[in-house]
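Colleague: Please take a close look at one part of this model for me. I would like the salt bridges, and whatever surrounds them, in one connected account.

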Amino acid sequence: MAPDRDRRDDGRGPVRTCIGCRSRASASELLRVVAADGIADPDPRHRKPGRGAWVHPDPDCLTRAERRSAFPRALRVPGPLDTGALRALLDPDSVVTPTGHDRRDDRRVRTRKQVDPHEPAVKPSR
């Protein structure tokens, strides 16, 4: 019987490769990511369907994987993937929340063009 290549000898479970740093680690030490509608969706419970990629739960590994365009290649999807949800999970101090607040200094971040409330929305035609 052939040895199981996905199992470590110390019994810690399957071994996977981080797509950021390319080092091998136990699957329990890595975060699984799946592609869903153009988004790199984190799968911490390892239950979501589809092809998965593995990355250390470290912002540096995520940055390396993004720089190398490793997510689309590993997940075999065309085009880039949005890694915003993954970045929010791994590095919560560096993201802008959906309400437009920067968590680092709790200031409002301008996300849209400033509009004068006294100016008509549509300019009259001649």
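Modeller: Start with R32 and D43. This is a predicted model, and in it the two residues form a salt bridge, with their closest N and O atoms 2.6 Å apart. R32 belongs to strand β3, residues 31-36, and D43 to strand β4, residues 39-43, so the pair ties together parts that are eleven residues apart in sequence. Both partners are buried. For R32 the relative accessible area is 9%, which is under the 20% limit and therefore counts as buried.

The side chain of R32 also meets backbone. One of its polar atoms lies 2.9 Å from the backbone oxygen of K48. For the backbone oxygen of G50, the distance to a polar atom of the R32 side chain is 2.6 Å. Leaving out residues up to four places away in sequence, R32 touches D41, P42, D43, H46, K48, G50, R51, G52, A53 and W54.

Two residues in that contact list, K48 and D41, deserve their own look. Their side chains meet in a salt bridge, at 2.7 Å from N to O. K48 is partly exposed, with a relative accessible area of 32%. D41 is partly exposed too, at 22% relative accessibility. By contrast, R32 and D43 are both buried. D41 also has a place in the strand pairing: it is the bridge partner, in β4, of V34.

Now the sheet itself. It is open, has three strands, and runs in the order β4-β3-β5 with antiparallel pairing. The edges are β4 and β5; each has a single partner strand, so one side of each is left without a neighbour in the sheet. From one strand to the next, the twist averages 40°. Five bridges join the antiparallel strands β3 and β4. R32 lies in β3, and its salt bridge to D43 therefore links these two strands through side chains as well.

The remaining salt bridge is in the helices. E66 pairs with R87, and their closest N and O atoms are 2.6 Å apart. E66 is in helix α1, residues 59-67, while R87 is in helix α3, residues 84-90, so this pair ties together parts that are 21 residues apart in sequence. E66 is partly exposed, with a relative accessible area of 30%. R87 is buried, at 18%. The count comes to three salt bridges. Side chains of opposite charge can pair when their charged atoms come close.

Strand β3 and helices α1 and α3 come together again in the nonpolar core. The largest core holds 20 residues, and I19, V33, V55, F71 and L86 touch the most other members. At least two residues of this core come from each of β3, β5 (52-55), α1, α2 (70-75) and α3. In soluble globular proteins, nonpolar side chains tend to be buried together.

L86 shows how these parts meet. Setting aside neighbours within four places in sequence, L86 is in contact with L31, V33, A40, P42, L62 and F71. V33 and F71 are also among the core residues that touch the most other members.

To sum up: R32 pairs with D43 across β3 and β4, K48 pairs with D41, and E66 pairs with R87 across α1 and α3.

Technical notes. Residues are numbered from 1 along each chain as its sequence is written. This is a predicted model: local features need pLDDT of at least 70, side-chain atom pairs count only at pLDDT 80 or more; totals for chains, interfaces and linings use all residues. Side-chain values use heavy atoms; hydrogens and water are left out. A salt bridge is a side-chain nitrogen of Lys or Arg within 4 Å of a carboxyl oxygen of Asp or Glu. Helices (H or I, at least four residues) and strands (E, at least two) are DSSP runs, numbered from the N terminus. Buried means under 20% relative accessible area, exposed over 50%, partly exposed in between (1.4 Å probe, protein chains only). A nonpolar core is a set of buried Ala, Val, Leu, Ile, Met, Phe, Trp, Tyr and Cys residues joined through side-chain atoms within 4.5 Å. Contact means heavy atoms within 4.5 Å. Two strands pair if DSSP finds at least two bridges between them. Axes are lines fitted to C-alpha atoms, for helices over the stretch in contact, and angles run from 0 to 180 degrees between N-to-C directions. A polar contact is a pair of N or O atoms within 3.5 Å; within protein, one must be able to donate a hydrogen and the other to accept it, and residues adjacent in sequence count only if both atoms are side-chain atoms.
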